[in-house]
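Here are my notes on this one, as numbered points. Have a look at the model alongside them.

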Amino acid sequence: MNRILLALAASLCAIALAAAPADAKSRAKPPQGTEQPKDEDKETGGIPRYQPFPHNQNFVLKEINGKAPPVEMWISIDSTGRANGFSGCKNWSGIFVIGPNRLGPRTMPAVNERKCEGPLAAFERDYWAVLLSGPYWDTKGDDLILKGAQGGVLRFQRSL
């Protein structure tokens with residue numbers, strides 16, 4: 001019985017090896033009328049390119065959902081995931097898990113107890129709604145863009 005299985009395995013290996021060069025030749029030359037995708041196409045479509053998160057840099061908020069904030073709001077996240085910032089009325093600090101395209105709050109950020117009044121309170125509420133939702137992040141030049149899981153966009157610009 002072992003001899004039969006050994007002979008069968010050897011014949012399957014021989015068939016696979018014989019078919020491999022022919023298969024490689026067919027992959028080397030595309031059929032007529034078809035073109036290979038260019039390198040430019042591979043960069044724009046297909047597998048997304050990995051971008052490292054911009055650690056240890058301060059980012060100043062330029063807009064929340066298309067509106068400019070009334071005061072300077074900022075965020076900074078170091079390479080261990082520790083973050084701190086200013087949300088309009090409150091200084092805060094917390095820890096985030098940084099994925100390839102998402103930020104996940106690992107702990108509820110610690111904030112001071114200062115109260116916001118009027119329209120600044122609405123901006124701060126929108127800021128926290130996006131930041132605590134586990135937003136998707138992206139970078140474009142000097143901009144850091146956080147898109148909330150339930151909607152909302154924070155657009156930060158790298159500070160000097």
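1. Let me begin with Lys90: at 17% relative accessibility, Lys90 counts as buried, where buried means under 20% relative accessible area, exposed over 50%, and partly exposed in between (1.4 Å probe, protein chains only). Lys90 sits in the loop between β3 and β4. Helices (H or I, at least four residues) and strands (E, at least two) are DSSP runs, numbered from the N terminus.

2. A word on ground rules. This is a predicted model, so local features need pLDDT of at least 70 and side-chain atom pairs count only at pLDDT 80 or more, while totals for chains, interfaces and linings use all residues. Residues are numbered from 1 along each chain as its sequence is written, and side-chain values use heavy atoms, with hydrogens and water left out.

3. What does the side chain of Lys90 reach? Its target is the backbone oxygen of Arg114, at 3.4 Å. Leaving aside neighbours within four places in sequence, Lys90 is in contact (heavy atoms within 4.5 Å) with Gly85, Val111, Asn112, Arg114 and Glu124.

4. Glu124, one of those contacts of Lys90, belongs to the buried set of α3, together with Leu120, Phe123, Tyr127, Trp128, Val130 and Leu131. These residues cover an arc of only 165 degrees around the axis, so they lie on the same side of α3; the arc is that of the directions from the helix axis to the C-beta atoms. On the face turned away from that buried side, α3 carries the exposed residues Pro119 and Arg125.

5. Back to the strands flanking Lys90. β3 (residues 82-86) and β4 (residues 91-98) run antiparallel, joined by 5 bridges; two strands pair if DSSP finds at least two bridges between them. Gly85, also on the contact list of Lys90, stands opposite Trp92 in β4. The two strands form a hairpin with 4 residues between them, and Gly88 in the turn has a positive phi of about 115 degrees.

6. On its other hairpin, β3 pairs with β2 (residues 74-77) in the antiparallel sense over 4 bridges, with Trp74 and Phe86 as bridge partners. Here too 4 residues lie between the strands, and Gly81 in the turn has a positive phi of about 95 degrees.

7. Is Gly81 buried or exposed? It counts as buried, at 2% relative accessibility. Not counting residues up to four places away in sequence, Gly81 touches Gly94, Ile95, Phe96 and Ile98. The C-alpha atoms of Gly81 and His55 are separated by 8.5 Å, with the two residues 26 apart along the chain.

Definitions and conventions
A polar contact is a pair of N or O atoms within 3.5 Å; within protein, one must be able to donate a hydrogen and the other to accept it, and residues adjacent in sequence count only if both atoms are side-chain atoms.
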